[in-house]
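Colleague: Can you walk me through this model? I have not looked at it before.

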Amino acid sequence: MSEPAFQDQYPDDYAHCYGCGRLHAEGHHLKSYWDGEETVCRYTPDPKYTGGFPGFLYGGMIASLIDCHGAGTAAAAKARQDGKPISRFVTASLKVDYLAPTPINTELEIRGKVVEIKGRKVIVDLVVFAAGTTCATGTVVMVQLKEQN
Ligand SMILES: CCCCCCCCCCCC(=O)SCCNC(=O)CCNC(=O)[C@H](O)C(C)(C)COP(=O)(O)OP(=O)(O)OC[C@H]1O[C@@H](n2cnc3c(N)ncnc32)[C@H](O)[C@@H]1OP(=O)(O)O
């Protein structure tokens, strides 16, 4: 992981996302990287993001992890395909399946796999793991901003 995180390559004007923008003062600062043909993001949730009962993460945060890592994956895949710098993608569609409770205070691994790149659109499948358990899966449709094309 010697390359900078995908999010650390976003142009400054597009680096203010609460989930992954490096320029957001209070955000989560999620960081995504290549791991072979897949991408990976690791994040340990704080107890303040507890869901319905103690010890477990609320679903919105899980969706955010899938969303932001999906956006980063789309941006990196498109850049790699086109041989261009990373540009900014936004979420057109986000689908999440919650398969098992997701613990807090445990390092989560979010892995992404590119399904399709078509013009400005990139579809990514994602999985959230906690200590070897698959807690959630998701699919995102990401669209490159026109002015970034
Ligand atoms: C100057 C600063 C600006 C800055 C603008 C900043 C934007 C908001 C930033 C929010 C950042 C986030 O939090 S992201 C999370 C929230 N997301 C948003 O707020 C995005 C709001 N939605 C949009 O702005 C727009 O709908 C876009 C950009 C996503 C798409 O609009 P578009 O650019 O006109 O693209 P369009 O031609 O419609 O679609 C391109 C391809 O994507 C497919 N596609 C589009 N929407 C969907 C969808 N919901 N589900 C499946 N597929 C879809 C189309 O079929 C097409 O595929 P094909 O026919 O080519 O196969």
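**Ligand shell and sheet**

Modeller: The residues of the shell around the ligand divide into five nonpolar, three polar and five charged. Here Ala, Val, Leu, Ile, Met, Phe, Trp, Tyr, Cys and Pro count as nonpolar, Asp, Glu, Lys and Arg as charged, and the others, Gly among them, as polar. This is a predicted model, where local features need pLDDT of at least 70, side-chain atom pairs count only at pLDDT 80 or more, and totals for chains, interfaces and linings use all residues. Numbering starts from 1 along each chain as its sequence is written.

Colleague: Which residues come nearest to the ligand?

Modeller: Val90, Thr91, Ala92, Ser93 and Lys121, out of the 13 around the ligand. A residue is near if its C-beta atom, placed from the backbone, lies within 6 Å of the molecule.

Colleague: Which strand gives the most to that shell?

Modeller: S3, with four residues. Strands are DSSP runs of E, at least two residues, numbered from the N terminus.

Colleague: Now the sheet. What is the strand order?

Modeller: The open sheet runs S1-S2-S4-S5-S6-S3, with antiparallel pairing. Two strands pair if DSSP finds at least two bridges between them.

Colleague: Why do S1 and S3 each have one side without a neighbour in the sheet?

Modeller: Strand S1 (32–35) and strand S3 (89–98) are at the edges and have a single partner strand each, so one side of each is left free of a neighbour there.

Colleague: How many bridges join S5 and S6?

Modeller: Ten, between S5 (residues 121–130) and S6 (residues 133–144), in the antiparallel sense. Leu126, for example, has Gly138 in S6 as its bridge partner.
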